[in-house]
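Dear colleague,

I am passing on a structure that you have not worked with before, and I would be glad if you could look through it alongside the notes in this email.

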Amino acid sequence: MRNYLLLFMAAGTLMLSSCTKKEQKSTAGTTETPPAASANAEGTNNLKLEFSGTDKFMIKNPKFKVSLYGADERLADAPATLIAEQEFEQKSVPFTIDLEVPKDAESKITPKPAGPVKYYIAVTWDSDGNGKPGEKGDIFIDHDKQFPNVKLNGETQKVYLKVLK
């Protein structure tokens, strides 16, 4: 009798946890799609990015490149599509930039997204001036603190930086 009770409780727990996960996925998809759609409907073409970090940044080369990528959130193995790329110059951290984004950003994604779209940025910066970006001593996005996902909703998006060690 005790074994049947334990088996029934385990099956009930699994059923309840799977129901909760499905609701979270559909809710996340619903909340992420409208801001991107409303941003495109408003004609917003700038993504405001605020960069900050806690490391001591020694910038010898102020030129860097910011790239915006997009992909269908539900396609795990599909590569992300480069949507926009722009070069900037900055001599200190923290700073804020405006990245120009096409009004039809979602339509540039291949394969065509069937569900919600996920956007993220990448930074290429040879901040130590040795001619090789993304190596020890260069400024890089701090993925340990927060992955650089962004929303195209007109709000300022925060990106955390660190020095590669």
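Below I describe the confidence of the model, then its strands, and then its aromatic side chains.

Please keep in mind throughout that this is a predicted model. The average pLDDT of the protein is 82, and 73% of the residues reach a score of at least 70. Over residues 16-42, however, the pLDDT is below 50, and this stretch has 14 contacts in the model beyond near neighbours in sequence.

Turning to the strands, there is an open sheet of four strands, arranged in the order β4-β1-β8-β6 and with mixed pairing. Because β4 (95-100) and β6 (139-141) each have a single partner strand, they stand at the edges, and one side of each is left without a neighbour in the sheet. Neighbouring strands of this sheet are turned against each other by 35 degrees on average, with direction ignored. Within the sheet, strand β1 (residues 46-53) pairs with strand β8 (residues 157-163) in the parallel sense over five bridges, and L49 has Q157 as its bridge partner in β8.

A further set of pairings involves strand β2 (residues 63-72), which pairs with β5 in the antiparallel sense over nine bridges. Two of the residue partnerships between them can be picked out when you follow the strands: D72 has V117 as its bridge partner in β5, and V66 has V123. Strand β2 is also joined to strand β3 (residues 81-89) by eight bridges, again in an antiparallel run, and here F64 is partnered by F88 in β3. As for burial, β2 is mostly covered, since seven of its 10 residues are buried.

Strand β5 in turn pairs with β7, in the antiparallel sense and over two bridges, with V150 in β7 as the bridge partner of Y119. What are the two faces of β5 like? One face, made up of V117, Y119, I121, V123 and W125, is covered, whereas the other, with K118, Y120, A122 and T124, is uncovered. This fits a general pattern, in that the side chains of a regular strand alternate between the two faces of the sheet.

The aromatic side chains deserve a separate look, and a search of the whole structure finds seven aromatic pairs. One of them is formed by F95 and W125, which meet edge-to-face at 6.2 Å centre to centre, with 80 degrees between the planes. Because F95 lies in strand β4 and W125 in strand β5 (residues 117-125), this pair ties together parts that are 30 residues apart in sequence. Both F95 and W125 are buried. In the pair of Y120 and F147, the ring centres are 5.8 Å apart and the planes stand at 55 degrees, so this pair is tilted. It too links distant parts of the chain, with Y120 in strand β5 and F147 in the loop between β6 and β7 (149-150), 27 residues apart. Y120 counts as partly exposed at 24% relative accessibility, and F147 is likewise partly exposed, with a relative accessible area of 40%.

Which residues form one aromatic cluster? The members are F51, F64, F88, F95 and W125. Finally, K145 lies over the face of Y160, at 4.9 Å from the ring centre.

With best regards

Methods:
Residues are numbered from 1 along each chain as its sequence is written. Side-chain values use heavy atoms; hydrogens and water are left out. Two strands pair if DSSP finds at least two bridges between them. Axes are lines fitted to C-alpha atoms, for helices over the stretch in contact, and angles run from 0 to 180 degrees between N-to-C directions. pLDDT is the predictor's confidence in each residue, from 0 to 100. Contact means heavy atoms within 4.5 Å. Rings of Phe, Tyr and Trp (its six-membered ring) pair if their centres lie within 6.5 Å; planes under 30 degrees apart count as stacked, over 60 as edge-to-face and the rest as tilted. Buried means under 20% relative accessible area, exposed over 50%, partly exposed in between (1.4 Å probe, protein chains only). A charge sits over a ring if NZ of Lys or CZ of Arg is within 6 Å of the ring centre and within 35 degrees of the ring normal.
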